[in-house]
Amino acid sequence: MNVMIIDDDLKFGNLLKDKLSDIFNNVNIRVFDEYLEGIINGTEDILFLDVMLGDKESFAIGERLSFLYPHLVLVYISSHDCFVYESYCQRTFFFIRKSRLDKDLENFYEKYRRIISGNEIEITYSNTDIKLKHNDIVYVESRRNKVLIYTHYQDYEMYISLIQFERLLNAKEFYRFNSHLLINLNHIRKVEKKYFELSNGKRVECTRDSKKKFIMVYAKYRSGDL
């Protein structure tokens, strides 16, 4: 596993490195005090990014990296708790508050372990049994008597109802947006006024009521309360 920490406070960066080394086995961690073009090449599994690099340019950096590397687990870190709400507008995995480092790291790891490290579903596609990790699934769409399963690498179909498929998943990170659409909350790239965008570029239009409910669920998910 490759992990990168970018924080202009190297003392904190190295403290975080030590704590992550205790959490993960066989982990390679690099610490930088600034972001430079080219230091991230797509081999990284997790990026811990300080919100206050430059004039909050971290949000622009994070959004660009999430687009380039959909597999990247992006975690913002900050001593300013208020930025947690701004981070909701992007496809970030978690927000760690420096003031609650140990507790937030514990919640981060529990979410990471549950979503990224495990949880698979087995489907039969083209007469072949295939195992899909929950995190590989961006969204699932109902089409009459079958569902279409969208990932970044390939799309699959199963002759099953959306309700039945959702029960197979039994996962907190999936949210039933409406009667025909099931989305993976970990693949939310950004939230706009009238729509939200998934990591594969799909835009989901929202009404006022549907967005209000979605934001409530997404906020709980992001905070680890789901």
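Let us start with a group of rings: Phe 24, Phe 48, Phe 94, Phe 108, Tyr 109 and Tyr 112 are linked by ring pairs into a cluster. Here, rings of Phe, Tyr and Trp (its six-membered ring) pair if their centres lie within 6.5 Å; planes under 30 degrees apart count as stacked, over 60 as edge-to-face and the rest as tilted. The model is a predicted one, in which local features need pLDDT of at least 70 and side-chain atom pairs count only at pLDDT 80 or more, while totals for chains, interfaces and linings use all residues. Residues are numbered from 1 along each chain as its sequence is written, and side-chain values use heavy atoms, with hydrogens and water left out.

Two members of that cluster lead us on to the largest nonpolar core. Among its 19 residues, Leu 16, Leu 20, Ile 46, Phe 48, Val 75, Ile 96 and Phe 108 touch the most other members. A nonpolar core is a set of buried Ala, Val, Leu, Ile, Met, Phe, Trp, Tyr and Cys residues joined through side-chain atoms within 4.5 Å. Buried means under 20% relative accessible area, exposed over 50%, and partly exposed in between (1.4 Å probe, protein chains only). In soluble globular proteins, nonpolar side chains tend to be buried together.

Where do the residues of this core come from? Strand E1 (2–6), helix H1 (10–23), strand E3 (46–50), strand E4 (73–78), strand E5 (94–97) and helix H4 (101–117) each supply at least two of them. The largest share, four residues, is provided by H4. These labels are DSSP runs, numbered from the N terminus: helices are H or I with at least four residues, and strands are E with at least two. For a closer look, take Leu 20: leaving aside its neighbours within four places in sequence, Leu 20 is in contact (heavy atoms within 4.5 Å) with Val 3, Ile 5, Val 27, Ile 29, Phe 48 and Leu 105. Apart from this core lies another, of 18 residues, including Tyr 139, Tyr 175, Phe 177 and Tyr 218.

Tyr 139 takes us to strand E8 (residues 137–143), which is mostly covered, with five of its seven residues buried. Two strands pair if DSSP finds at least two bridges between them. E8 is joined by six bridges to strand E9 (residues 146–151), and the two run antiparallel. Within this pairing, Ser 142 stands opposite Val 147. The two strands form a hairpin with two residues between them, and Arg 144 in the turn has a positive phi of about 55 degrees. E8 also has three bridges to strand E12 (residues 181–184), again antiparallel; there, Val 140 stands opposite Leu 182.

Further along the chain is an open sheet of three strands, in the order E13-E14-E15, with antiparallel pairing. Why do E13 and E15 each have a side without a neighbour in the sheet? Strand E13 (188–191) and strand E15 (203–205) stand at the edges with a single partner strand each, so one side of each is left free of a sheet neighbour. From one strand to the next, the twist averages 25 degrees, with axes taken as lines fitted to C-alpha atoms (for helices over the stretch in contact) and angles running from 0 to 180 degrees between N-to-C directions.

Three bridges join E13 to E14 (residues 195–198), where Ile 188 has Leu 198 as its bridge partner and Lys 190 stands opposite Glu 197. A hairpin connects E13 to E14 through three residues. Three bridges also join E14 to E15, with Tyr 195 partnered by Glu 205. In a regular strand the side chains alternate between the two faces of the sheet. Both faces of E14 are covered: Tyr 195 and Glu 197 on one side, and Phe 196 and Leu 198 on the other, are all buried.

Phe 196 brings us back to rings. Phe 177 and Phe 196 form an edge-to-face pair, 5.5 Å centre to centre with 80 degrees between the planes. Phe 177 lies in strand E11 (residues 174–178) and Phe 196 in E14, so their pair ties together parts that are 19 residues apart in sequence. Both Phe 177 and Phe 196 are buried.
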